[in-house]
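Me: Please take a close look at how the parts of this model are put together, beginning with the domains of the second chain, and explain each term as you use it.

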Amino acid sequence: MFQSPTVRTSFIFLAIALVGLLFADIAITASNPWRDLGNFFFGVVTPNFFSNEGLMTALLRTVSFAFVGVALGSISGFLLALVYRWLPVRILCAFVRAIHELFWALIFLQFFGFHPLTGVLAIAIPYAGIFAKVYSEILEEADPEPGRLLPPRTGVISAFLYTKIPDCWVQLRTYTAYRLECGLRSSAILGFVGLPTLGFYLESAFSQGHYSDAGAMLILFYVLIATMPLWVKPKLLPAYILGAPFFLGEGLPIVWSNVGRFFTQDIVPSPLRGEEGWAGMGAWLGDMFINQAMPGIWNTVILTQVALVATGIIALLAFPLISTHFGGPVRRTSGHVFLVIMRSTPEYILAYILLQLWGPSMLPAVVALALHNGGIIGHLIGRQSSTIRLRPDAPNGLNRYTYELVPRVYRSFLAFLFYRWEIIMRETAILGILGIYTLGFYVDSAIQNIQFDRAMVLILITASLNIGVDVLGRFIRRKLALQTMPTC
Amino acid sequence: MAGFDLSGLTASFGGERVIGPLSLKVKAGEQVALVGKSGAGKSTLMRLIHQHVNRNSSLVPQELGLVNALPVFHNVFMGQLDQHGNWYNTVTLMRPFSRDKDKVRELLKALGMAEKLWIPTASLSGGQRQRVAIARALYRSAPLLLADEPISALDGPMAHQVMQLLKDRFSASVFALHDVDMALAYCSRIVGIQDGQIALDEPAERLVASDIMSLY
């Protein structure tokens with residue numbers, strides 16, 4: 001079995017995660033975690049939809065920010081996709097998508113303040129980078145033959161509209177719709193940094209112990225995402241996109257002097273601002289590397305590796321829940337509901353809830369990342385396994401799982417897992433804002449201490465780390481000849 | 001310029017010479033049939049000619065090159081995208097003009113599939129798809145036709161109808177055909193290809209089917 005490169009790679013990653021566990025800070029520190037968890041679940045089953053009229057406003061804002069942000073991101077991403085062959089464009093896109101929406105929000109908050117523009121750009125910018133990449137990949141896959149048959153003097157635009165767009169239309173539409181769902185999740189968590197979306201509402205409900213309010217919010221969010229096929233219709237889209245900007249709320253006005261100050265003073269490294277000049281840069285950078293960047297990178301990498309393997313285990317355990325090769329319709333339906341809840345809950349919200357219940361450590365983060373990402377991969381693999389046709393006398397139960405199904409889906413399972421490696425790392429870094437010592441923690445503390453120069457450098461380090469893992473993940477996928485479609 | 005005069009045509013695939021060097025001259029008014037075993041290099045030669053005449057020809061490639069998501073009308077209309085500006089083509093994509101619709105419908109009627117005008121080509125049968133590619137070549141109405149196995153998926157009467165139509169509409173044409181009787185019936189000149197070289201080049205009236213069979 002160890003001859004197979006996929007199996008060997010899996011065990012190497014498992015070993016790394018086990019070693020990582022020795023160093024990881026895994027603990028339940030809350031005094032009575034199970035009572036809190038019980039209270040929370042009680043809150044979810046006794047949701048209170050009417051305690052606060054803010055809930056509906058938060059829902060409306062969440063949808064509006066998602067629509068405006070994703071629409072802007074998709075238009076800019078499409079334009080960028082047309083020039084994606086150009087190296088500087090590719091680098092720019094890789095860079096903007098390596099920075100998490102919440103980091104973008106934190107940056108814009110410093111100079112636009114609580115203006116709607118902050119939330120819109122926080123979604124639109126990273127999404128533009130992702131759209132550009134995926135759109136350009138889709139357009140590249142279009143059949144080149146019809147283009148070669150066109151009369152020689154055909155205009156570039158006509159050729160593009162007739163030979164490229166129709167061929168890719170379905171894929172472009174599917175991917176954009178899927179991204180809109182991701183946008184709703186992104187929009188919801190923007191509330192955690194103070195924008196008026198669901199995350200804000202959830203945080204205040206939690207901090208006051210109003211678990212039934214929090215439960216109502218989560219249920220509405222699932223309903224919103226689960227019913228998307230019903231209310232996101234091609235004919236209604238223009239109305240949504242044109243209408244959404246009017247429902248973003250007033251926010252606070254932009255103070256333009258803050259914008260100027262941010263770029264000319266705040267983000268200039270402090271030695272350059274003061275007396276020391278370039279001579280002080282070495283000490284400044286060194287101090288930051290030893291006290292912030294290094295521990296941040298260390299914890300981010302450990303947590304990512306542990307969460308990656310935990311994600312894999314959850315996905316492998318979860319996919320039979322929806323596979324047609326196991327169980328009856330009742331089990332499959334409940335499996336579907338379970339996986340929909342897992343993958344619709346943004347990992348940030350999951351981590352926030354678990355952190356409230358179990359106290360600060362890496363454990364809530366690992367569990368949240370593994371449940372969310374494992375839910376997504378389990379869903380994809382489960383669906384794929386249902387398309388496999390087994391011989392009539394195939395074994396049942398565990399033997400069917402181990403001999404017939406896992407070997408058949410393992411390659412695509414690994415492909416999805418390595419595809420999500422970079423996403424897991426991006427999320428791991430951002431979970432630091434919740435108080436786990438990953439890079440996000442150090443970025444957030446630098447911002448709290450009004451050291452925007454440090455925050456910017458740390459964000460750049462986070463982005464480079466993500467790009468590095470992305471490149472490594474792609475290298476491994478190519479080495480093992482694994483192929484996959486993008487997931488968010 | 002309906003004909004062409006090409007010399008020194010060569011093509012290599014994976015470092016191996018598959019065509020030529022060979023010369024081929026086709027005059028206006030000629031219908032040339034390229035015959036030979038599959039793999040002899042007919043399709044490659046077809047593509048070479050297409051490039052060498054700077055794509056100024058109506059081409060029916062073997063793999064048809066249809067945009068599957070678009071209806072029959074737009075696939076045919078694509079033969080004249082160079083005749084209109086971008087705005088005209090863009091509007092046509094959403095709402096075709098009636099004179100274009102009439103012209104395309106007329107063509108499809110001659111090919112026996114006028115009722116398929118608005119069907120996406122993805123849902124057509126193999127023979128219907130082949131006729132869409134032929135309609136596109138006719139609509140393009142370049143003086144030279146290059147058609148690679150244009151009737152391979154058509155049944156007897158339809159195959160004859162199409163060959164007659166193509167013969168009438170283009171002042172010069174080159175067909176790659178594996179059906180020797182069709183080649184003799186509709187072409188004025190037979191060029192046999194063997195191992196990437198011209199092994200036979202005679203007027204059709206001087207040949208009978210058995211002369212050509214030696215190439216196979």
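Reply: The C-alpha centres of domain 1 and domain 2 of chain B are 26 Å apart, the domain bounds being those of an automatic or database domain assignment. This is a predicted model, in which local features need pLDDT of at least 70 and side-chain atom pairs count only at pLDDT 80 or more, while totals for chains, interfaces and linings use all residues. Residues are numbered from 1 along each chain as its sequence is written, and chains are lettered from A and ligands numbered from 1 in the order in which they are written.

In chain B, domain 1 is assigned to 1-57 + 144-216 and domain 2 to 67-141. Nine residues of domain 1 of chain B are in contact with nine residues of domain 2 of chain B, where contact requires that the two C-beta atoms, placed from the backbone, lie within 7 Å. On the domain 1 side, strand E5 (144-148) and helix H6 (156-169) of chain B each give two or more residues; helices (H or I, at least four residues) and strands (E, at least two) are DSSP runs, numbered from the N terminus. H6(B) gives the most to that side, with four residues. By class, the side of domain 1 of chain B that touches domain 2 of chain B has eight nonpolar, no polar and one charged residues, with Ala, Val, Leu, Ile, Met, Phe, Trp, Tyr, Cys and Pro counted as nonpolar, Asp, Glu, Lys and Arg as charged, and the others, Gly among them, as polar.

Two loop residues of chain B deserve a separate word. Asn54(B), in the loop between helix H1 (42-52) and strand E4 (58-60) of chain B, has a phi near 55 degrees, a positive value in a residue other than glycine. Leu64(B), in the loop between E4 and helix H2 (72-77) of chain B, is likewise not a glycine and has a positive phi of about 70 degrees. As to burial, Asn54(B) counts as exposed because it has 8 C-beta neighbours inside 10 Å, whereas Leu64(B) is buried, with 23 other C-beta atoms within 10 Å; the cut-offs are 20 or more other C-beta atoms within 10 Å for buried, 12 or fewer for exposed, and partly exposed in between, with C-beta atoms placed from the backbone.

Between the chains, the contact takes 20 residues from chain B and 19 residues from chain A. Helix H3 (residues 86-94) of chain B supplies four residues, the largest share of the chain B side, and that side has nine nonpolar, seven polar and four charged residues.

Chain A is also assigned two domains, domain 1 (1-30 + 290-488) and domain 2 (55-266), and the centres of these domains, taken over C-alpha atoms, are separated by 23 Å. The contact between them takes 21 residues from domain 1 of chain A and 25 residues from domain 2 of chain A. On the domain 1 side, at least two residues each come from helices H16 (329-344), H17 (347-358), H19 (397-431), H20 (439-448) and H21 (452-479) of chain A. H21(A) provides the largest share of that side, six residues, and by class the side has 16 nonpolar, three polar and two charged residues.

H21(A) also packs with helix H4 (residues 87-98) of chain A, at an angle of about 110 degrees and with the axes 8 Å apart, where axes are lines fitted to C-alpha atoms, for helices over the stretch in contact, and angles run from 0 to 180 degrees between N-to-C directions. That angle makes H4(A) roughly perpendicular to H21(A), since angles of 65 to 115 degrees count as roughly perpendicular, those under 35 as roughly parallel, those over 145 as roughly antiparallel and the rest as oblique. The contact is made by Ala94(A), Phe95(A) and Ala98(A) of H4(A) and by Ala463(A), Asn466(A) and Ile467(A) of H21(A), giving five nonpolar, one polar and no charged residues.

Helix H16 of chain A also holds Arg343(A), which counts as buried because it has 23 C-beta neighbours inside 10 Å. Leaving aside residues up to four places away in sequence, Arg343(A) touches His372(A), Gly375(A), Ile376(A) and His379(A).
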